[in-house]
Amino acid sequence: MQSTPSPRYIVVGVDGSQTALAAARWASVFAGALALPLHLVHSSPPPAPVDGAAFDYAASSEVHKAHREEVLAEAEATLHRHSPNTGLVSIAADHSPAKGLLEAAERAEMIVLGATGAGSVERWLLGSTALRVANQALCPVAVWRGDPANVSVDDRPIVVGAEGSPFSAPATRLAFEWAQLFSVRVTAVRAWSDNTAVLASDPTSLHMLGPAAMAIDWEAIARAEAGHLSKIIAPYRREYPDVAVEERSQRGSAPRQLLDALTDAQMAIVGSKGWGRIRGALLGSTSQSLLHHARTPVVIYRGTDT
């Protein structure tokens, strides 16, 4: 007899800050659209005794426990008011924030973190937790930033970095899935540089021509690069015919082009290679730049097969 898979859900990290609560409200929009419950997670290690200092471990542990319960209760109350039909599960864990979130997200559809909270969530982003979660999670990780007074999903487009590698494919598909879900457009962005474009068109150009490569027909190169993006996006256009798409093939750095596209968009979705040869490797420069500079939610998704 085949076992039935456990239900899916969305994990939200909460820390008591207003930004974390806003991120939870934003996550509830997805929970409603996908008919999924929210799992609210507050994970922090219990206090440890300090050598040579007077320390009432039992009392300190009770304070720690009460604080966790208060944080989760506030998040539950906020979501009951904002999204009364969304199912809620509260989880208090004694692990580091990253470990607690990753363990809670075993069958998660998405993990959502706030980016600019005054408490631990902000320290997660500036430290290692958000990076570790994004690197290791098999599901999309959304780092929310925005106006806490307006957390709705609106009619602005979803920006996706579509550079054509296996690492960007899951993010591209996710952008089209969400665009179809919320009836919005996709802005597909692919940046190219002088060297990569020239070498792609004629691998011997730089070696043979040297400075004369500056005389290359850049308009022809731009058209070729735009055609490359169209080929990348073509399968998704066929699979999601109702989703309107704007293709932006632009010369320059990927972070800059994605940030420019976000000026008129509501979120960005980018891929990630996950952990590299060095276990502690951070996300790529594009992901990190978006996490630190975007004023909208940034979703990082490396997929389950990359």
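This report walks through a predicted model of one protein chain, from its overall make-up down to single residues.

## The big picture

Let's start with the chain as a whole. It has 306 residues, and 47% of them count as buried. Its secondary structure comes to 11 helices and 10 strands. The accessible surface is about 15,300 Å², with 53% of that belonging to carbon and sulfur atoms.

How do contacts spread along the sequence? Take the contacts between residues at least 6 apart in sequence: 80% of these join residues at least 24 apart.

## The sheet

The 10 strands form an open sheet with mixed pairing. Reading across, the order is E3-E2-E1-E4-E5-E10-E9-E6-E7-E8. Which strands sit at the edges? They are strand E3 (88-93) and strand E8 (245-251), and each of them pairs on one side only. From one strand to the next, the twist averages 20°.

Helix H10 (residues 254-261) lies across part of this sheet, namely strand E6 (158-161), E7, E8 and strand E9 (267-270). Relative to E7, the helix runs at about 155°.

## Strand E5 and its partners

Strand E5 (residues 141-144) is a handy place to look at the sheet in detail. Val141 and Val143 point one way from the strand, while Ala142 and Trp144 point the other way. Are these four residues buried or exposed? All of them are buried.

E5 pairs with strand E4 (residues 108-114) in the parallel sense, over four bridges. In that pairing, Gly114 stands opposite Trp144. E5 also pairs with strand E10 (residues 298-300), this time antiparallel and through three bridges. Here Val141 is the residue that stands opposite Ile300.

## Out at the E8 edge

Back at the edge strand E8, the pairing is with strand E7 (residues 186-192). Seven bridges join the two, and they run parallel. To find one spot in this pairing, look for Ala191, whose bridge partner in E8 is Gln250.

There is also a charge-and-ring arrangement worth a look. The charged end of Arg251 sits over the ring of Trp218, 4.4 Å from the ring's centre.

## Aromatic rings

The structure holds five aromatic pairs. One of them is Phe30 with Phe182: the ring centres are 5.1 Å apart and the planes are at 80°, so this pair counts as edge-to-face, since the planes are over 60 degrees apart. The pair links distant parts of the chain, with Phe30 in helix H1 (residues 18-34) and Phe182 in helix H6 (residues 169-182), 152 residues apart.

Are the two rings' residues buried or exposed? Phe30 is buried, with a relative accessible area of 0%. Phe182 counts as buried too, at 19% relative accessibility, because the cut-off for buried is under 20%. These two residues also belong to a cluster: ring pairs link Trp26, Phe30, Trp178 and Phe182.

## Two loop residues with positive phi

Now for some backbone details. Most residues other than glycine have a negative phi. Ala35 is not a glycine, yet it has a positive phi of about 55°. You'll find Ala35 in the loop between H1 and strand E2 (38-43). At 68% relative accessibility, Ala35 counts as exposed, because exposed means over 50%.

Ser183 is another case: it is not a glycine either, and its phi is positive, at about 55°. Ser183 lies in the loop between H6 and E7. With 66% relative accessibility, Ser183 counts as exposed.

## Ser96 and its contacts

Last stop: Ser96, in the loop between E3 and helix H3 (97-104). At 29% relative accessibility, Ser96 counts as partly exposed.

Which residues does Ser96 contact, leaving aside its neighbours within four places in sequence? The answer is Ser43, Pro45 and Arg132. Ser96 and Pro45 are 51 residues apart in sequence, but from C-alpha to C-alpha they are 5.8 Å apart in space.

Note on methods
Residues are numbered from 1 along each chain as its sequence is written. This is a predicted model: local features need pLDDT of at least 70, side-chain atom pairs count only at pLDDT 80 or more; totals for chains, interfaces and linings use all residues. Side-chain values use heavy atoms; hydrogens and water are left out. Rings of Phe, Tyr and Trp (its six-membered ring) pair if their centres lie within 6.5 Å; planes under 30 degrees apart count as stacked, over 60 as edge-to-face and the rest as tilted. Buried means under 20% relative accessible area, exposed over 50%, partly exposed in between (1.4 Å probe, protein chains only). A charge sits over a ring if NZ of Lys or CZ of Arg is within 6 Å of the ring centre and within 35 degrees of the ring normal. Contact means heavy atoms within 4.5 Å. Accessible areas come from the Shrake-Rupley method with a 1.4 Å probe; for residues, only the protein chains shown count as cover. Two strands pair if DSSP finds at least two bridges between them. Axes are lines fitted to C-alpha atoms, for helices over the stretch in contact, and angles run from 0 to 180 degrees between N-to-C directions.
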